[in-house]
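Here is a set of questions about how the labels on this model are earned. Each answer sets a value against its cut-off.

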Amino acid sequence: MSTQLTLDVSGMTCGHCAQSVTNELTALDGVASVNVALVPGGTTPVTVTTDAAVSEDALRAAVDEAGYAVVGIH
């Protein structure tokens, strides 16, 4: 069974930013897909679909590794 979470990410401004975040998140075990709806200069919603349990801490760490900050998860 898959689960969807939306991460609110700050600091993303371009397609390269979106690709960096997507690469880090999809490298996590359990992440099936990532969809970034880029809001340059604002808070970007990043929808993560998982097919196994993935902790919020792991998601935050992946975004942090890409150089951005998660400001909310819902």
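Q: What covers the buried residues of H1?
A: The cover includes S1, S2, S3 and H2. This is a predicted model. The residues being covered are Cys17, Ala18, Ser20, Val21, Thr22 and Leu25.

Q: Why is Leu25 called buried?
A: Buried means under 20% relative accessible area. Leu25 has 0% relative accessibility, so Leu25 counts as buried. Leu25 sits in helix H1.

Q: Which residues is Leu25 in contact with, leaving aside neighbours within four places in sequence?
A: Leu7, Val31, Val34, Val46, Val48, Leu59, Ala62 and Val63. Contact here means heavy atoms within 4.5 Å.

Q: How many residues has the largest nonpolar core, and which have the most contacts inside it?
A: This core has 20 residues. Leu7, Met12, Leu25 and Val46 have the most contacts inside it. S1, H1, S2, S3, H2 and S4 each supply at least two of the core's residues.

Q: What does Val46 touch, not counting residues up to four places away in sequence?
A: Val46 touches Leu5, Thr6, Leu7, Val9, Met12, Val21, Leu25, Val34, Asn35 and Val36.

Q: How does the reach of H1 compare with the expected value?
A: H1 has twelve residues. From first C-alpha to last, H1 reaches 16 Å. At 1.5 Å a residue, 16 Å is expected, and the reach of H1 is close to that.

Q: What puts the buried residues of H2 on the same side?
A: The residues in question are Leu59, Ala62, Val63 and Ala66. They cover an arc of only 95° around the axis, and therefore lie on the same side of H2. A general rule helps here: an α-helix has 3.6 residues a turn, so residues three or four places apart point the same way.

Q: Which exposed residues does the face of H2 turned away from its buried side carry?
A: Asp57, Asp64 and Glu65. Exposed means over 50% relative accessible area. The buried residues of H2, by contrast, pack against S1, H1, S2, S3 and S4. Just after H2, Gly67 takes a positive phi of about 100°.

Q: What makes S2 and S4 the edge strands?
A: Each pairs on one side only. Strand S2 covers 31-36, and strand S4 covers 69-73. The four strands form an open sheet in the order S2-S3-S1-S4.

Q: How do you know that S1 and S4 pair?
A: Pairing needs at least two bridges. Four bridges join S1 (residues 3-10) to S4, and the two strands run antiparallel. Across this pair, Asp8 stands opposite Gly72.

Q: What makes S2 and S3 a pair?
A: The cut-off is at least two bridges. S2 and S3 have five, in the antiparallel sense. Val31 stands opposite Thr50 in S3. The S2 and S3 hairpin has six residues between the strands, and Gly41 takes a positive phi near 80° there.

Q: Where do the two helices lie on the sheet?
A: Helix H1 (residues 15-26) packs on the sheet and touches S1, S2 and strand S3 (43-50). The direction of H1 makes about 165° with that of S2. Helix H2 (residues 56-66) lies across S1, S2, S3 and S4, at about 145° to S4.

Definitions and conventions
Residues numbered from 1 in each chain as written. Predicted model: local features only at pLDDT ≥ 70, side-chain atom pairs only at ≥ 80, totals over all residues. Heavy atoms only, no water. Axes fitted to C-alpha atoms, helices over the stretch in contact; angles between N-to-C directions. Core = buried A, V, L, I, M, F, W, Y, C linked by side-chain atoms within 4.5 Å. Buried < 20%, exposed > 50% of the residue type's maximum accessible area, 1.4 Å probe, protein only. Expected span 1.5 Å × (residues − 1). Arc of directions from axis to C-beta.
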